[in-house]
2 protein chains.
Amino acid sequence: MIGIFDSGVGGMTVARSVETLLPDNRIIYYGDLARTPYGSKSPEAIIEYSISNTEFLLGHGAKVIIIACNSAASVASDILRQKFAAPIFEVITPAVERAVTSTVTGNIGVIGTRATIRSGIYDQKIKAQAPELHIFSKACPLLVPLVEEGWVDARETKMILRKYLAPLKQKQIDTLVLGCTHYPLLKDLIQHRMGKNRIRLIDSSIEVALTLQGYLSENPDFGKTLQRGIENRYFVSDITKAAVATAEKIFGRHIDLEKV
Amino acid sequence: MIGIFDSGVGGMTVARSVETLLPDNRIIYYGDLARTPYGSKSPEAIIEYSISNTEFLLGHGAKVIIIACNSAASVASDILRQKFAAPIFEVITPAVERAVTSTVTGNIGVIGTRATIRSGIYDQKIKAQAPELHIFSKACPLLVPLVEEGWVDARETKMILRKYLAPLKQKQIDTLVLGCTHYPLLKDLIQHRMGKNRIRLIDSSIEVALTLQGYLSENPDFGKTLQRGIENRYFVSDITKAAVATAEKIFGRHIDLEKV
């Protein structure tokens, strides 16, 4: 089983991409809605939560973990890798690698929550691989609440995207990293706004699923240990109507959230 | 000194109203930005945080406490009153009392965060006083992030308000409770949208300040213990640029936030 955790339901975009790319593998998801958002918490707290989320997933049969939360990926990945034997994947590194190989102009845009942009994690990771690139970041704090409100196609959302993306449009970027797991729900609107043929959007949910797919094809014996003949399960530490609605929006079908 | 706490900086609207109505009294504010928002936390956690916030304020010389956070007011007021000898005021009850005496049509609207509206606290408190009244609630989860983004006069905010307030406009309400300490920053826009002479807005920051003013004039000896010849102080458990900007927006001047 593939274990995926996030501070909420946004990480279900990762589950959806894994489901699409690796349909034979079962998924177990844990959304820590009781303690969301992680972005405003201390690194110590995020590390503690990430350890307990990982233990929950491993305890339920996960053999590999995906950290589908930018805040947790940024502060807890290394510690989880030291602490647990299972392979640990996260949403930032694959997106960074794709962005670095994708850009031609050398100008990369990054959008994310205020916490993610303030952390500078994408800048650091991109510069570590290619110091000559230029990175233009823009915090877009309204996008998560807009998605959670279910307004993924609303006129208001289009106007707000126009405002947020205007400074990036001026910077001649050719690659834009969606640095938040909620943003794939706005991908069409963002693509439309930035110009269909001019900008490549990097969707971290797809990139991490591709990375896992590559790992499994390189490690076929490990891949076999993942197969399980049971349904995907979606656990959450708290249930709200908004979470149920966002989960349905992400998958395009009803998702049973199980509160633990 | 008058102690005021909130989960963030929204409660500074209460500090501003207290400053306006009781200019001779010093204020000490505590904004628990490290643990914001309270709305998504368990009652146990909110109670624990409220106790520690109150102890902080009393330890710094506060003689009276205002809970300027709807979530904390709703779950922690009674416990704080049992635990501490100082008078404890909060933002919900004065707004409810004003709404009940203000309405003529008997139709009251309430707007707030998703957590506040889901809790049903305003409905309960209004019904407890006047069971014949009709209450129409609407969660407006985008308004706090819009205020924190500083977009208090933006076209996008006007459009979103139009969408949120449309169902309330249809209900023939004559009184609208602003059930969130951030909303006074949007008061002009909300008043304009709802109709200048048709709807009375209830601003809980003003109502709680009036209630405290009444208490102090009825208890002049107690009032004397509050006077202190030092500056107002604004403590926070975490500092972000957005918090600094919102604080300035609320007061219309620079506010020194002190991190503790």
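Q: How many residues does each chain bring to the contact between chain B and chain A?
A: Think of a contact as having two sides, one per chain. In this predicted model, chain A puts in 16 residues and chain B puts in 16 residues.

Q: Which helices of chain B each supply at least two residues of the side that touches chain A?
A: Look for helix H7 (143-148) and helix H8 (155-169) of chain B. H8(B) gives the most to that side, with four residues.

Q: What is the mix of residue classes on the side of chain B that touches chain A?
A: Sort the residues by class: you get eight nonpolar, five charged and three polar ones.

Q: How are the two copies related?
A: Try superposing one on the other. Chain B lands on chain A after a rotation of 180 degrees with 0.0 Å of shift along the axis, and the RMSD is 0.0 Å. The copies are therefore related as by a two-fold rotation axis. To find that axis from chain B, go to Glu156(B): of that chain's residues its C-alpha comes closest, at 3.1 Å.

Q: Why do we say the copies meet through the same surface?
A: Because 100% of the interface residues of chain B are also interface residues in chain A.

Q: What span should helix H10 of chain B have?
A: Count 1.5 Å a residue. For the 15 residues of H10 (residues 204-218) that should give 21 Å, and the end C-alpha atoms are 21 Å apart, so the two agree.

Q: Which residues of H10(B) are buried?
A: They are Ser204(B), Ser205(B), Ile206(B), Glu207(B), Val208(B), Ala209(B) and Leu212(B). The buried residues of H10(B) pack against several elements of chain B, including helix H1 (12-21), helix H4 (92-102) and strand S8 (200-203).

Terms used. Residues are numbered from 1 along each chain as its sequence is written. Chains are lettered from A and ligands numbered from 1 in the order in which they are written. This is a predicted model: local features need pLDDT of at least 70, side-chain atom pairs count only at pLDDT 80 or more; totals for chains, interfaces and linings use all residues. Two residues are in contact if their C-beta atoms, placed from the backbone, lie within 7 Å. Ala, Val, Leu, Ile, Met, Phe, Trp, Tyr, Cys and Pro count as nonpolar, Asp, Glu, Lys and Arg as charged, and the others, Gly among them, as polar. The expected span of a helix is 1.5 Å times one less than its number of residues. A residue is buried if 20 or more other C-beta atoms lie within 10 Å of its own, exposed if 12 or fewer, and partly exposed in between; C-beta atoms are placed from the backbone. Copies are superposed by least squares on the C-alpha atoms of residues with pLDDT of at least 70 in both.
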